[in-house]
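Please open the model in a viewer and keep the sequence panel at hand. The tour below proceeds selection by selection.

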Amino acid sequence: MSQMTLFEPPVIFTKRIKELKDNSELNREQAQLLLEVELGFALMECLGIEDEPVTAVWAILSGMPLRHPRLQNLDASQKRAVANARQIIPCSARFAWLGALRFYIRNIPQNLRNYDFDIQDLDSQIIHAAKHLRHQVHQNLYENCLSADLKFRQRRAEPVKAGVPYQFQAKTEKETVTMQLQFTPEHLSPARQQPWFPTPRDRNSFSVRISDLESDAEFLDHREKLLARRYGWHETQKGHWVSRFRKINFHKIQEDGTVSDRNTEPLDLDGFVHIAGQVASGKSTLSTLLAVNVVRHHPDRRITLVVSDVQSAIRLANQINWWFCDDPENDEPVAVPLLGRSKRDAHLKSFYGSKDFQEHWQRGQPHWGDRFLGTACALQGLLQASDIFDRLHGKPLIPGTEPCHVLKEAPESENKRKKQNNYPSVSHLCPFFATCPSQQVYRDMPNARVWITTPGAMAMAGLPRHLELRPIKIGELVYLHSDIVVFDEVDTVIKWFDDVYAEEVLLTNGGVFDDIGVQTEDYMRFNRVSPSLMVRWATAERHVQSVVTATLTLLDKHSGHEFLRKWIERGYFTPNSLLYKFSRRLAGLEELDHPDVTEQEIKANNRRVQQIMRYFDALLDDDPLLGQPRPNSKVQRLALLIQQINSIGESATDDSIYRACKAWIVDFFPNTGKRLARLREKLEKRQNNSQQTAKKKRRKSSKQEEESDPVDTLETLAYRLQFALTITLLDRHTRIVFYEWHHRPPTLDDEPPHRRMPTAMLNILPLPPTGRQFGTYYSRKDDNHNQSENSSENALSIFAYTNIGRYYVLNFHRLLTDLDGQRGPNVLALSGTSYLRDSTQFHVGNPQGILMPEASATEAIAQSRFKFLPQSNRKNEPIRISGTAERQKTGMFKEMGQALVGNNGSGHLGQELEELKQLGQSNPDFWQDRERILLLVNSYDQARWVAEEIRQC
C-alpha cells in the first residue's frame, strides 16, 4: 500500500485484500492491484464517463482540470469519489496506470476479474464494453469506497521502556555518531497530558468594517506608549497605528465592476478573497489590525498570518505578544510562530544577530523569540559524560537534531544489528517531551489566537509524533484549525509553492541512485524471493545504474564524444526532444529552421519530420522493454535495440550497439547520405552568399562559428541515435523508481527521491499537464569542484515537477473539502503585483477589493531613481558577466566588486553611501538608519565572491 497519501483506504478495502489473499490463488499485491484497477473503472462509471478508453482513468486520478463536458458540474458525491480514488489508487501518472492494466490482465485470473480487455491497443478499448460482472461483492465494495469518509493515515511511534537500551544518530560538525542511553522508571512517570486539537473547527464567514479597526489602532498606540515608558523606546520604534490606520484606503469592487467609496463597505471574508494593493497602500497595516481585531473581539476565532521569512514571523509574534502580554516567562502567549525544527540552529543564529533582538537586548526588554526557540534538551542529561566528550567533542546536540521521536532499540548482537538494517525497527518517543523547554512552542500553540508562519514551514515542517500521528505538515494544521488565513504578498507565496513542487533532483555524483542503490542491494541479498512488483522496482533500480554509466560514458571528455556534449549542453532534454532533433537531422534538416525559411518550407519540413517521428512516438507510447513484438518493423528494431542496450552492461563502449544503430539508419532510410550532402551544399551556399563583415566582427564571431554543429555523417547520426535510445531507457527505469516508490524495499525511507516535495499533498493537488517528471538534465562538472580520480566529470539530474503548487494557495479555503465535506478557513490574499492579467506567474485573479496608497506615498514612489551604471575594469573595458563561461565568472565578479568600490572608495558604492548618510542627517524621519545598499546576484557563490572582494578593497 502506498505510504505517500494523507488518508488511508477504508477498512473494508484492506479487509477484502486479506480475504482474497487467504481464500484465493492471489497473493497480496495481486489482490490489491485487482481492487485498485477495478476501483478506477468504477470511478469512471460513477462520473458517467465509462464510454472512455480503459487508459483514460489516470487522467481523472491526476486531478488535472479537464474540459470534459461531463466533468464540469460534478456534485459533492462525485467530487468525493474522485478525491477518495486519488488516495486509494497510486496510479495518477499514465506510465503507472498502463503498468497496472498490463499486470491486471497478465496476473489476475479471468474468473476473478470484472473486466476483460486485450493487452494490445489499450487506447481503443472502452470501459463499459470490457465489463463482465462476475463479482457483485466487488462492485458493492467499490461504491462504498468512493463514498466513504476516509481516515487520516497514522504514523507509528511507541513509548520507551525502562531498562531497555536505546540509540540515536547525532550529527557533529564532521560526522554522524551513534549515542546510547537508558531510562529508569522514574523517567517514565506519567507526564502531563498535552492539549491538542481533537476535531477540526466549524468555520463560517467573517466580516469587519474598516472603521471598526480604528479602536484597535488606538489600543495599540496606548499599549506602545506604556511599553515605551517602561523600556525607553525611541519614537521611531513606535507603530503610530492610528496614523497608519487613517491611511487605509479600501474600495470594494461591486458586482457591476465599479468600486465603492473609500472605506464605506465592510471587508467580507467568505472563501478566497483577493485584495490588490499598490506599494505603501497599507496591506501589512490591514492584516495586522485584522489580527488584533480577532484577538480583542472574537474569542472563538484563530487567525494565521503567512509572512515571507522566519525572522519576520518571530518579530511579528514578539510584537503582538507585547501588545497583549507582559511577561514572556510566565504569560501565555497570544501569538506563536509556527516554524520547522530541522533548521532551528540557523534560525537561532539569524535571530540573535537580528536588529530586532539586538535592540531588545540593549534596552533590557525580553524578546518572546527566546521562548519559542529554546534549545535546552532534557534528554541530553542522560548521556554519559564520556560519550559527550569523546563522540560529541564536548558540545551539545545541534539544535533541531534532537532525537525526540527517533529513538531505536539498541541491538544486542551483530546478528540483530543486521536484522535491524534489513527490517527497520519502530521509532520510540522521548518521555520528556511534555516538559522539555525546547518543545515550548507546541505547548503554546493550542491556545494561541494568532499563528504566524512562512510558506516554507507550511509545506515542509512536520509536527511532533507525541502530539500528531497524522502525516500532516504545518500547512494542513493551519487549514484544519484556523478561521482566517492571510497570505501577505500572495504572488510570492504562490511562486514559492510553485517552486517547492518543482525541483532538480541529482541522480549521480552523490545523488539519489547513489544513495538507494546500496540499500536496495543489501535488502535483496537477504530477500531473494520478494513480491513481483518489488522485484520489478529493484530490477529497474539495478539497471538504472548501468544506464547512467553508459550515459556518462557517452558524454565523457575522454571516452565519449564532443558532439554529443554540445548537442545537450544548452539545458534540459527528454527522450522525445532528443528523438525529435535526431529526426530533423535524419531528414537532412537543421535542428532549427533558418530565419530565411518561408512558411511553406517550414510546413513541408514539419511533414518530413513527422513521418519519421511517428515511429519514435510509437516506441515511446509503450514500455520499450515489453517482450511482445511491435507491428511496425522500424519500431520493432528500435525496441530490440533498447533491449540490447539494457542487457549489455558496457553498452556505451560496445561496438555492436553503434553498428546496430547505424544499420537501422541505413536499412530504413537509405537516402540519408544524399540528404546530408544536400544540406551541406545548402549551408555552404548560404555562407558564400552572406555579406562579408568587418574583420573585427569576424574575429568576434569566430568562436561561435567554431562551436556551431557541423552537418552530420552517418557515423555521428548513429551515435546520436544510440544516445537518444540510452536516454529513453534511462527515462523508463527512472520513472519506475519514482512513480512506483511504494513498491520499494521496506529498508528505504518513506520519503520519495524528490525529498523536498511534500508527499502528503501529491495525490490531493493536481498533477501538472507536463507530467511528474520532465527531462533528464546534463550539467558539466564545475571546474572548482574536486572529484576522485575515477569519478565522472559529468552529473545527471532529473527535473521533477510533481504538482501544481499554486493550486495549494488558490484553493486553500477548500483544500480537503472534497474529502471531508467540511468548509476550510477564509483566506485573505494581499499583494501589490497580484493583479497582472498578462502575467502567468504573478496574476492571482480578479480582486474583490483594492487598497489605494495616499497621495504622499505615490509622490515618494515617483521620486525613485533607476540608473544604468555600466562598470569598467582597469583596462577601461566594459565588464560583461552574462554569457560568460562558468569557470571565468569568479574573476569577472571580482572585477565588478573592484569597480563598484573604486579607488579609495570613490566608486558608485561609496557615492551612494555618502548620499544616504547626508539624507539621514537632513531628513531623519524618512532616512535615519537606512545607510545600506543591497546588491543582487544569482547564487550564494557569486554573493560570496563579491562580498570577499569588497571587503579586501
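A residue is called buried here when its relative accessible area is under 20%. Select Asp 498, whose relative accessible area is 15%, so this residue counts as buried. Asp 498 lies in helix α20, which covers residues 490-500. Display its surroundings: leaving aside residues up to four places away in sequence, Asp 498 touches Gly 805 and Arg 806.

**Confidence**

The model is a predicted one. Colour the chain by pLDDT before proceeding: the average over the protein is 88, and 92% of the residues score at least 70. Two stretches deserve a separate selection. Over residues 691-708 the pLDDT stays under 50, and the model has four contacts for this stretch beyond four places in sequence. Residues 782-792 also have a pLDDT below 50, with eight contacts in the model beyond near neighbours in sequence.

**Helix α5 and its surroundings**

Next, select residues 94-107, which form helix α5. This helix has 14 residues and reaches 20 Å from its first C-alpha to its last, close to the 20 Å expected at 1.5 Å a residue. Is α5 enclosed by the rest of the structure or open? Ten of its 14 residues are buried, so α5 is largely enclosed by the rest of the structure. To inspect them, show the side chains of Phe 95, Ala 96, Trp 97, Leu 98, Ala 100, Leu 101, Arg 102, Phe 103, Tyr 104 and Ile 105. The cover over these buried residues includes α2 (28-46), α3 (57-61), α22 (532-555) and α30 (714-739). Three of the following helices take part in the packing described in the next two stops, beginning with α22 and α30 and continuing with α2.

**The pair α22 and α30**

Select α22 and α30 together. Their axes are 8 Å apart and pack at an angle of about 150°. An angle over 145 degrees counts as roughly antiparallel, so α22 is roughly antiparallel to α30. The crossing of the two helices is left-handed. Which residues meet at this contact? From α22, the participants include Arg 536, Trp 537, Glu 541, His 543 and Leu 555. From α30, they include Gln 722, Phe 723, Arg 732, His 733 and Val 737.

**The pair α2 and α7**

Keep α2 displayed and add helix α7, residues 136-147. The axes of α2 and α7 come within 9 Å and cross at roughly 70°. That angle makes α2 roughly perpendicular to α7. The crossing is right-handed. On the α2 side, the contact is made by Leu 34, Leu 35, Glu 38, Leu 39, Ala 42, Leu 43, Glu 45 and Cys 46. These residues meet His 138, Gln 139, Leu 141, Tyr 142, Cys 145 and Leu 146 of α7.

**The pair α11 and α12**

Move to helix α11 (residues 310-324) and helix α12 (residues 344-352), which pack at an angle of about 60° with their axes 10 Å apart. The angle makes α11 oblique to α12. This crossing is right-handed. Val 310, Gln 311 and Ile 314 of α11 make the contact with His 347, Ser 350 and Phe 351 of α12.

**Individual residues**

Select His 240, found in the loop between α8 (213-231) and α9 (241-245). Although His 240 is not a glycine, its phi is positive, at about 50°. With a relative accessible area of 34%, His 240 is partly exposed.

Asp 929 lies in the loop between α36 (924-927) and α37 (940-952). Asp 929 has a positive phi of about 60° and is not a glycine. At 41% relative accessibility, Asp 929 counts as partly exposed.

Continue into helix α37 and select Ala 947. Ala 947 counts as partly exposed at 27% relative accessibility. Draw a C-alpha to C-alpha distance from Ala 947 to Leu 935: the two are twelve residues apart in sequence and 9.5 Å apart in space.

Finish at Thr 184, in the loop between β5 (176-181) and β6 (206-208). Thr 184 is partly exposed, with a relative accessible area of 32%. Its C-alpha atom is separated by 9.0 Å from that of Val 164, 20 residues apart along the chain.

Notes:
Residues are numbered from 1 along each chain as its sequence is written. This is a predicted model: local features need pLDDT of at least 70, side-chain atom pairs count only at pLDDT 80 or more; totals for chains, interfaces and linings use all residues. Side-chain values use heavy atoms; hydrogens and water are left out. Helices (H or I, at least four residues) and strands (E, at least two) are DSSP runs, numbered from the N terminus. The expected span of a helix is 1.5 Å times one less than its number of residues. Buried means under 20% relative accessible area, exposed over 50%, partly exposed in between (1.4 Å probe, protein chains only). Contact means heavy atoms within 4.5 Å. pLDDT is the predictor's confidence in each residue, from 0 to 100. Axes are lines fitted to C-alpha atoms, for helices over the stretch in contact, and angles run from 0 to 180 degrees between N-to-C directions. Angles under 35 degrees count as roughly parallel, over 145 as roughly antiparallel, 65 to 115 as roughly perpendicular and the rest as oblique. A crossing is left-handed if the near helix is turned anticlockwise from the far one by less than a right angle, and right-handed if clockwise.
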